[in-house]
Amino acid sequence: MTDSHDSPPDAPDAPGAAPGWREIHHGGSPEAEEAHFRDLADVVVGVQRTNKRKSGSQVSRRTFHAKIVVGVDNAELAFRADLPADLCAGDFTAGARLPAIVRLSNASGTVRPDGSPDLRGAALKITLPGGGEHDLLMTSYPVSHARDATQFVEIARIGAGPKPLVLPRMLARLGPSETARVLGNLRRANRPSPGLALESYWSRGAVLWGDTGPVRFRLSPLSPLSPLDGPAPASAPPPDPADSLQTDFAARLSGSPVRFALHIQKYVSERLTPIEDGAIEWKESDSPWLDVATLTIPAQNILDPKGRATCDHVDTLAFNPWHAPAEFRPLGNLNRARRTVYAASAREWHAR
């Protein structure tokens, strides 16, 4: 049984239309695609082991997002009281207030100083009224550098190898045009961060949002709107540059909550808002961002013993876009691969 919804070739492109949509499976069927994903999972586990060996660590870490920066278990996702009916789905309804665990991280598969150029990640684990959970995963750049899972894993494998061979191997595998696109994306996405409370985080891939259909989602900062100004208090120890992002976030949370707005962006058409190609941005001019909820991380001390213990616990949790009710299932090749690849990576990671 295929997991597809076919749309006519002349489906309208106008925002507000109600086009059909579909997923296209690698190899022509879910079964062929799943076999391919199992092969990719073996490669990812190999990358994980390479990262472990290169870092000198005695334990395996997550293949990506190895370093947690912030981990809290008392956040809340509050949906707008006036949320339109056509944006409601499952437990995401007008006025709903749902507890959430938040993990903010650096995206690299090895632990590096916070000031290093990198992507940043945000992962939410939302507790549902019926006792289930719903994970939302995002990174600090709107699109993936890879079009699909095959390209993603190939780039990861090349990147884990000797640095002098990265460019020639990428050119040989991807060709000049795709190599230029990938490297340009990585160069723009991997940068020093002004602070994790100041970043926006995108789903990059699409998920189903009940009867609304496919959407992408984004967290954007509500406050504060600028980096912290002024010197640290004289009594405070000098910040450790290796953990500067954690120190910055802790300073913000010490006196006030940190808030983000959750927006979604509706599917319009395969041409303007493709589901299978994770490297193409859904432009706001084609599909505007719609405000649906506010994520609040309450003021607290994340650096005292209790805060650090909570962070350590959050770091043991597995976050996966497939931890979600059926009406919110992930869509597209990259997301479908995550179900298999994340499971294999988690087994390797927990075997530490």
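Biologist: Let's start with the surface. How much area does the protein expose, and what share do carbon and sulfur atoms supply?
Modeller: The protein exposes about 16,200 Å², and 56% of that comes from carbon and sulfur atoms. Keep in mind that this is a predicted model.

Biologist: Okay, and how many of the residues count as buried?
Modeller: Of the 352 residues, 50% count as buried.

Biologist: What about helices and strands, how many of each?
Modeller: The secondary structure comes to 7 helices and 9 strands.

Biologist: Which contacts come from residues far along the chain from each other, say 24 or more positions apart?
Modeller: Take the contacts with a separation of 6 or more: residues 24 or more positions apart account for 73% of them.

Biologist: Let's pick one helix. Which residues of α6 are buried?
Modeller: Helix α6 runs over residues 305-314, and its buried residues are Gly307, Thr310, Cys311 and Val314.

Biologist: Where do they sit around the helix axis?
Modeller: They're on the same side of α6, because they cover an arc of only 100 degrees around the axis. There's a general rule behind that kind of pattern: an α-helix has 3.6 residues a turn, so residues three or four places apart point the same way.

Biologist: What does the buried side of α6 pack against?
Modeller: The buried residues of α6 pack against two strands, β1 (67-79) and β2 (97-106).

Biologist: And which residues are on the face turned away?
Modeller: That face carries Pro305 and Asp312, which are exposed.

Biologist: New topic: aromatics. How many aromatic pairs are there?
Modeller: The structure holds 6 aromatic pairs. One of them is Phe92 with Trp209, a tilted pair with 5.4 Å centre to centre and 50 degrees between the planes.

Biologist: Where in the chain are those two?
Modeller: Phe92 is in the loop between β1 and β2, while Trp209 is in the loop between β6 (207-208) and β7 (214-223). They're 117 residues apart, so this pair links distant parts of the chain.

Biologist: Are Phe92 and Trp209 buried or exposed?
Modeller: Phe92 counts as buried because its relative accessibility is 1%, and the cut-off for buried is under 20%. Trp209 counts as buried too, at 1% relative accessibility.

Biologist: What kind of pair does Trp209 make with Phe328?
Modeller: That pair is edge-to-face, because the planes are at 85 degrees, with the ring centres 5.3 Å apart. Phe328 lies in the loop between α6 and α7 (333-350), 119 residues from Trp209. Phe328 is buried as well, with a relative accessible area of 3%.

Biologist: Which residues make up the aromatic cluster, then?
Modeller: Phe79, Phe92, Trp209 and Phe328 form one aromatic cluster.

Biologist: Switching to charges. How many salt bridges does a search of the whole structure find?
Modeller: The search finds 20 salt bridges. Among them, Asp248 and Arg252 meet through their side chains at 2.8 Å, N to O.

Biologist: How many residues apart are Asp248 and Arg252 in their helix?
Modeller: They're 4 residues apart in helix α5 (residues 244-253), so about one helical turn separates them. Both Asp248 and Arg252 are buried.

Biologist: Which residues are joined into a network by salt bridges that share partners?
Modeller: Glu23, Glu33, Glu276, Arg329 and Arg336 are joined into one network that way.

Biologist: What's the N to O distance between Arg147 and Glu178?
Modeller: Their side chains meet in a salt bridge at 3.1 Å, N to O. Arg147 lies in the loop between β4 (133-139) and α2 (149-159), and Glu178 is in helix α4 (residues 176-189), so the pair ties together parts 31 residues apart in sequence. Arg147 is partly exposed, with a relative accessible area of 27%, whereas Glu178 is buried, at 17%.

Biologist: How does Glu133 meet Lys125?
Modeller: Their side chains form a salt bridge too, at 3.3 Å, N to O. Glu133 counts as partly exposed at 35% relative accessibility, but Lys125 counts as buried at 7%.

Biologist: Last one, back to the surface. Which residues form a nonpolar patch there?
Modeller: Leu167, Leu171 and Leu183 do, with about 230 Å² of accessible area together. Leu167 is found in helix α3 (residues 166-174), and Leu167 is partly exposed, with a relative accessible area of 45%.

Definitions and conventions
Residues numbered from 1 in each chain as written. Predicted model: local features only at pLDDT ≥ 70, side-chain atom pairs only at ≥ 80, totals over all residues. Heavy atoms only, no water. Buried < 20%, exposed > 50% of the residue type's maximum accessible area, 1.4 Å probe, protein only. Arc of directions from axis to C-beta. Contact = heavy atoms within 4.5 Å. Patch = residues over 30% accessible without salt bridge, like charges linked within 9 Å, V, L, I, M, F, W, Y side chains within 5 Å. Areas by Shrake-Rupley, 256 points an atom, 1.4 Å probe, with all protein chains shown as cover. Salt bridge = Lys/Arg side-chain N within 4 Å of Asp/Glu carboxyl O. Phe/Tyr/Trp six-rings, centres within 6.5 Å; stacked < 30°, edge-to-face > 60°.
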